[in-house]
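Hi,

Here is the structure I promised to pass on to you. Have it open while you read, and my notes on what turned up in it follow right below.

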Amino acid sequence: MGGYNQILAPLAKGLSIQRETVVKRVEYSTTSVTVSAERQGRTVRYTARTAVVALPVTALAADAIAFSPRPPKVKTEVFTSAPSQSR
């Protein structure tokens with residue numbers, strides 16, 4: 001009843017949520033993060049202290065998004081071992 005929205009909507013209150021936005025690059029440091037993306041055919045950039053980027057594991061495994069700096073191998077090796085959905 002109500003699905004995940006009843007849980008997520010209160011958690012997201014006051015946050016800037018960008019849907020239907022294709023992330024191309026994530027640049028991060030200890031003080032900020034900049035996300036470069038495409039939304040409705042236009043390039044957009046978002047800069048903040050922190051960010052949550054939700055995407056399929058297969059996209060991470062395929063290096064579909066550029067990270068700068070690249071995350072440490074210990075954090076990414078699980079993605080490269082993820083089973084492919086294409087058969």
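Strands β2 and β3 pair in the antiparallel sense, with seven bridges between them. β3 covers residues 42–48. To find a spot where the two strands face each other, look for Thr34, which stands opposite Thr47 in β3. The pair makes a hairpin with two residues between the strands. In that turn you'll find Gln40, which has a positive phi of about 55°. Keep in mind throughout that this is a predicted model.

Now go to the other partner of β2. Strand β1 (residues 22–28) also pairs with β2 in the antiparallel sense, over six bridges. Here the hairpin that joins β1 to β2 runs through four residues. A handy marker is Arg25, which stands opposite Ser36 in β2.

What is the sense of the pairing between β1 and β4? These two run parallel, with three bridges. On that side, Val26 stands opposite Phe67 in β4.

Put those pairs together and you get an open sheet of four strands in the order β3-β2-β1-β4, with mixed pairing. β3 and β4 (66–68) are the edge strands, as each pairs on one side only. From one strand to the next, the twist averages 15°.

Let's stay with β2 for a moment. Is strand β2 mostly covered or mostly open? Five of its seven residues (33–39) are buried, so to speak mostly covered, because buried here means under 20% relative accessible area. Ser36 sits in this strand. Its relative accessible area is 13%, so Ser36 counts as buried. Which residues does Ser36 touch, leaving aside those up to four places away in sequence? They are Val22, Val23, Lys24, Arg25, Glu27, Val44 and Arg45. While you have the sheet on screen, one general point may help: in a regular strand, side chains alternate between the two faces of the sheet.

Helix α1 is another story. It spans residues 5–12 and is hardly covered: none of its eight residues is buried. Just after α1 comes Gly14, with a positive phi of about 85°.

Stepping back, the protein has three helices and four strands. Along the sequence, they follow the pattern α-β-β-β-α-β-α. Of the 87 residues in the protein, 13% are buried. The accessible surface comes to about 7500 Å², and 55% of that belongs to carbon and sulfur atoms. As for contacts between residues at least 6 apart in sequence, 29% join residues at least 24 apart.

Last, the pockets. How much space lies in the largest pocket? The value is about 790 Å³. Its lining is made of 21 residues, and Ser16, Ile17, Gln18, Val52 and Val53 lie nearest its centre. The elements that give two or more residues to this lining are β1, β2 and β3. The largest share, three residues, comes from β3.

If you want a route through it, start at the turn with Gln40, cross the sheet from β3 to β4, and finish at the pocket around Ser16 and Val53.

Have fun with it!

Methods: Residues are numbered from 1 along each chain as its sequence is written. This is a predicted model: local features need pLDDT of at least 70, side-chain atom pairs count only at pLDDT 80 or more; totals for chains, interfaces and linings use all residues. Side-chain values use heavy atoms; hydrogens and water are left out. Buried means under 20% relative accessible area, exposed over 50%, partly exposed in between (1.4 Å probe, protein chains only). Two strands pair if DSSP finds at least two bridges between them. Axes are lines fitted to C-alpha atoms, for helices over the stretch in contact, and angles run from 0 to 180 degrees between N-to-C directions. Contact means heavy atoms within 4.5 Å. Accessible areas come from the Shrake-Rupley method with a 1.4 Å probe; for residues, only the protein chains shown count as cover. On a 1 Å grid over the protein atoms alone, a cavity is a set of points where a 1.4 Å probe fits but cannot get out, and a pocket is an open set with protein on both sides within 12 Å along at least five of seven lines; lining residues have an atom within 4 Å of a point. Grid points are joined across faces, edges and corners, and a volume is the space filled by probe spheres set on the points.
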